[in-house]
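Load the model in your viewer and show it as a cartoon, with side chains ready to switch on. The stops below are given in the order in which to select them.

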Amino acid sequence: MDEARGPAAKLPESHFEVGVIVARRRLKGPWASHAWLPIAALPAAPAAAPWTRLSEDDDGETFFAGAYDVSLHPAETSHYRDNLVMDPPKLWILLREDGEGCSVAAVTADPYEGEAMAEGNGEVVEAVPMPRELQAKVMAFVEAFHVERRFEKRKRDRADPEALARGGRGRPGRRET
């Protein structure tokens, strides 16, 4: 029980579901016929089946890819706070191609995790605007769990100029294991 909020207070949920919209764009180059791209996140998943075609035109097709979970972790609240001050806040969606189609591998509200996902080979990561309803959920989570940590600069040990003469071994008088 959270004493500061009283017995009736309810902590915000640590995960929520989003609907993901992706596009399959036709390409005109000789090396690939199409490219997949996440284009939107919905605050709730519609009743449509995953991979329902929403539209089609000369440039490509748009699909509802399905519902996916976004997990929030108390240790990452400073990251979510950094995201919420962006204009607009974003969700990062990771797509993996699997033969003819693609799959949604992850959705995150952590901008640093989104940046790390972008380092993968052959995967598509795109930041899409976070719907206002989801911004409110992330903000409630940050307000409930964020603990401000004071930055303390570490002090380095003094360099031992004799260490190279001793072959890089430890300081005199210390036992090495």
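Which residues form one aromatic cluster? Select W36, W51 and F63, which make up that cluster. Keep in mind that this is a predicted model.

**Helix α3**

Next select residues 132–145, which are helix α3. At 1.5 Å a residue, its 14 residues should span 20 Å, and the distance between its end C-alpha atoms is 20 Å, so the two agree.

Now show the side chains of L134, Q135, V138, F141 and V142, the buried residues of α3. Looking down the axis of α3, you will find these buried residues within an arc of 125°, so they line one face of the helix. The spacing has a general background: an α-helix has 3.6 residues a turn, so residues three or four places apart point the same way.

Turn the view to the face of α3 directed away from its buried side, and select R132 and E143, the exposed residues carried there.

To see what the buried side meets, add β1 (15–26), β2 (34–42), α1 (77–84) and β5 (90–98) to the selection; the buried residues of α3 pack against these elements.

**From α3 to α1**

Show the aromatic rings next. The structure holds 5 aromatic pairs. One of them is Y80 with F141: the ring centres are 6.3 Å apart and the planes stand at 70°, so this pair is edge-to-face, the term used for angles over 60 degrees. Y80 belongs to helix α1 and F141 to helix α3, so the pair ties together parts that lie 61 residues apart in sequence.

Are these two partners buried or exposed? Y80 is buried, at a relative accessible area of 1%. F141 also counts as buried, with 1% relative accessibility.

**Strand β5 and its partners**

Move on to β5, one of the elements that α3 packs against. Select strand β7 (residues 123–129) together with β5: the two pair in the antiparallel sense over 7 bridges. To pick out a bridge here, select R96 and its partner in β7, E123.

Then swap β7 for strand β6 (residues 101–108). β6 pairs with β5 in the antiparallel sense, again over 7 bridges. For a bridge in this pairing, select E97 and its partner in β6, C102.

What lies between β5 and β6 in their hairpin? There are 2 residues between the strands, and in this hairpin G99 takes a positive phi near 75°. Select G99 as the last stop.

Terms used
Residues are numbered from 1 along each chain as its sequence is written. This is a predicted model: local features need pLDDT of at least 70, side-chain atom pairs count only at pLDDT 80 or more; totals for chains, interfaces and linings use all residues. Side-chain values use heavy atoms; hydrogens and water are left out. Helices (H or I, at least four residues) and strands (E, at least two) are DSSP runs, numbered from the N terminus. The expected span of a helix is 1.5 Å times one less than its number of residues. Buried means under 20% relative accessible area, exposed over 50%, partly exposed in between (1.4 Å probe, protein chains only). The arc is that of the directions from the helix axis to the C-beta atoms. Contact means heavy atoms within 4.5 Å. Two strands pair if DSSP finds at least two bridges between them. Rings of Phe, Tyr and Trp (its six-membered ring) pair if their centres lie within 6.5 Å; planes under 30 degrees apart count as stacked, over 60 as edge-to-face and the rest as tilted.
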